[in-house]
Each structure stands twice: as C-alpha cells, then as structure tokens.
Amino acid sequence: MDVMLSEADTAFRHEIRGFLAESLTDELREAGRKRTSLWQDIESAMTWQRILDEKGWAAPDWPVEYGGTDWTLAQRYIFAMECARANAPALVPMSLKMCGPMLIGYGTEAQKLHYLPRILSGEDVWCQGYSEPGSGSDLASLRTSAVGEGDDYVLNGSKIWTSYAHHANRMFALVRTSTEGKKQEGISFLLIDMHSPGITIEPIINLEGVHEFNQVFFDDVRVPKANRVGEENDGWSVAKYLLEFERFSMASIELRRILGKAEALARATEVDGGTLADDAHFCRQLDELKIDALALESSEQRVLASLSAGHSPGAVSSVINTLGAETIQRADELAIEVAGYYGLPYQPEALALGANTAVGPDAAVTLMPSYLSNRMRTIAGGSSEIQRNIIAKAILGL
Ligand SMILES: Cc1cc2nc3c(=O)[nH]c(=O)nc-3n(C[C@H](O)[C@H](O)[C@H](O)COP(=O)(O)OP(=O)(O)OC[C@H]3O[C@@H](n4cnc5c(N)ncnc54)[C@H](O)[C@@H]3O)c2cc1C
C-alpha cells in the first residue's frame, strides 16, 4: 500500500492518524480490539459515530450534498484502513451503509431531508426487516401484510433474524401489499417507527451466546403511507438496490486483521528451535491467504471507484460478499490452528470491556468467538449459494 501512496495521500494519512490518535479513547480502542462480530457493542458504536459526525466523516462514501465527503478513492481506502489499524469501533451498518444509500437512491426529497441527518448524527438507529420465518433465501415469498386504511397501512406478521432490533428506533421493512400476480410484484418498502403500538421484540441468542438478533412481531401496527419508499407494490426494486450496498464491504481489511493475529501468534509460538512463523506449511497457507486478500482488495477498490462516481455497487457486490466471507472463514481456521490450545477456551469474561483476565496470549482470546460469529458471513445478506445464483444470472448471463 505504502508504495502506491502519492505525497498528497501520505499527507492525508498523516491527518487521519492524527485525528484517530486524538479522538479514540482507550475505551473505544479496547472495544474495537475486542469486537468479535460484524456488530460492535451499541454504546461504543454510537459514541464513535457521534465523534465522526462532528468531523463530517460518519459516512465518507455518501455524496457530499447529503453529508458525505469528496475524498478520492485512495483517501476512502486509507481512512478505512487507518480506522481498522487503530482499532476504531465498527459503526451500525444498517443505518449508514444500507438505509442511507437506499434513501439517497430512492427516497423522496422529504424523506431524505428528514432521515439522512438523523442517520448521520445517530439520532435514528435502523434495523432491517426483510427475513421472515419461512422466507429467507426465497425472500419474495414474505407474508407480513400491509393493508391500506385511509392514510395508513395496518401491518400484521413477523420478521426474524432482525439484527439490533432491540437497539433500533426505526426499521426499514418489506411488506406484502398485494397477493395478485408474481410474488415480487406485491411487495412494498416501508419505514417503520419501532415505538409504534403493536410491535413486540423477542430476543434470539446466537451461537456465541450473545443477543444480536431478534424476532419482531407486528400486531395491527399502523404505518403512515407517507413512509413508503418507492411506489406501492414496487418495493422489490428498492430491496434489491439496498442489498447491493449491504453485500459490499471491505472484507479485505477484516481479513488482514485476522491474518495479522495469526502471524503474531505464530511468531510467539516456539517449535523445534525456531518459531511457527518459520514453518513452511504455515507460511504457504498464510501467503495464499495474503494473495487472496490482495485480489479481494483490488475488487473492492473497483467498487469504491464506482461509489465515488455516484453509482451503486452493482451485482459484483455478490462476488465480493462471497469471496470475502469464504476467505475470512479460511483465515479464521488458520488462526485457530495456530493458537492451538489457546484457541479452544471460550472466555467471554475476558472479552468484557475493562477486563484483563485472558488465559494465554491476548490475541487468542477473540479467535474462537470470531470464528463462531464469522460462520454467519456465508448466510447473512443472502447465503453463498444464493450469491452464486445471482452471479450466474446477473454477471455471467447464464
Ligand atoms: C447473523 C445473521 C444476521 C441476520 N440479520 C438479519 C437482519 O438484520 N434482517 C433480516 O431481514 N435478515 C437477517 N438475517 C437473515 C438472513 O438474511 C437469512 O438467514 C438468509 O437470507 C438465509 O435465509 P434462511 O436463514 O431462511 O435460510 P434458508 O433460505 O432456509 O436456506 C437454507 C439453506 O438452503 C440453501 N438454499 C436455499 N435456497 C436455495 C437455492 N435456490 N439454491 C441453492 N441453495 C439454496 C441456502 O443457501 C442455505 O444453505 C440474518 C442472518 C444471520 C445469520
């Protein structure tokens, strides 16, 4: 990366490093370092978002007129890399990465004016109401009904796997407004106030033992028709547009984070008079993953370039999603193997903020929870099989 930096980029990186050194408290860095899932603990995420928002950097990839930046492609990448290097907390993706870009592309002027500033400031935290019991991969079969009554829709049904619904005050959701014709043609896209009467949230505890997702029930919930995005029964187009943003992430940065841990652990592990980092088999596995990270990074940069030009990521986001998820899972496996015994104990108490009770090397504490959590990467946002179907149809024309 350094070799490619121009003088201006080097100065920009210096500015970002200065900002991070000044703004990231020890607590925020610890939270970032101990994050083991895609989602950060909500307090750290929102504290960090407010700091970024004050600086105008909460959503660098949004267009300038809506509160984004006019950074070049290299600057966007440098910012993301430096935040990761400094262990900055992750932000809530449903708000900044999904709902914001969707509103910029499809919202009315009134919706943009109302919601975008509230997303940037963190006043609104969004969750995603797409999946339902029985409607995951076959999302268009969803049944939560929205029946028009005067100026409102009345909603009945249920959403499942709703990440952070218990922290969110808003949900963007797909609902059925017609049962006529093709199932994709009877879906509308709504913005819902999570405090509306008739909404109940039940927790679902994940494999890691953590409460991240939920089931949400709607019982005669009234939503103003003005909260619809796009035309009635045309919500499928909005949904697919949003998914392009959801499926694009800079997974190569997460990948490097895991490989960095694996390498550090290997250097600290003595074997036969040397360290594991000198072992030919380990080196080959590590180098293969580093090459894959580099290839992934190039693809991510192409998407970043199209975002800078004001376009949506397109179907290539399914390629990035699949490659990123599967490579991260391979990297997790290598890291666990390197940690050996220390990769096995699951130490949730050592992950608590402020705790310093790790058994074994510090880097090993996050490995098993991350490994467990990252199993979801080939499911959430559409499973790898579904992404491959999209790639076959939309990119290869099969
Ligand atoms: C951690 C996590 C967080 C999530 N957060 C949210 C959220 O916030 N909001 C939300 O709406 N949803 C969320 N989801 C749900 C996610 O979108 C669904 O889990 C996903 O779309 C898969 O649906 P499913 O779980 O119903 O699996 P199913 O659709 O039942 O699939 C089961 C298996 O069958 C395979 N399969 C199904 N159909 C096909 C096909 N046509 N061709 C080949 N293989 C197929 C799948 O690949 C999969 O392996 C989350 C999921 C996870 C794991």
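Reader: What makes helix α14 stand out in the shell around the ligand?
Author: Helix α14 (residues 384-395) gives three residues, the largest share of that shell. Helices here are DSSP runs of H or I with at least four residues, numbered from the N terminus. The model is predicted: local features need pLDDT of at least 70 and side-chain atom pairs 80 or more, while totals for chains, interfaces and linings use all residues. Residues are numbered from 1 along each chain as its sequence is written, and side-chain values use heavy atoms, without hydrogens and water.

Reader: How do you know which residues surround the ligand?
Author: A residue is near a molecule if one of its heavy atoms lies within 4 Å of it. The ligand has 19 such residues, and the closest are S131, S137, W161, S383 and E385.

Reader: Why is the pair between E385 and the ligand called a polar contact?
Author: A polar contact is a pair of N or O atoms within 3.5 Å. An N or O atom in the side chain of E385 is 2.7 Å from an oxygen atom of the ligand, so the pair meets that limit. A polar side-chain atom of S163 lies 2.8 Å from a ligand nitrogen, and a polar backbone atom of Q128 is 2.8 Å from a nitrogen atom of the ligand.

Reader: Why is I395 called partly exposed?
Author: Buried means under 20% relative accessible area and exposed over 50%, with partly exposed in between (1.4 Å probe, protein chains only). I395, placed in helix α14, has 40%, and is therefore partly exposed.

Definitions and conventions:
Polar contact = N/O pair within 3.5 Å; in protein donor to acceptor, adjacent residues only side chain to side chain. Helix = DSSP H or I, 4+ residues; strand = E, 2+ residues; numbered from the N terminus.
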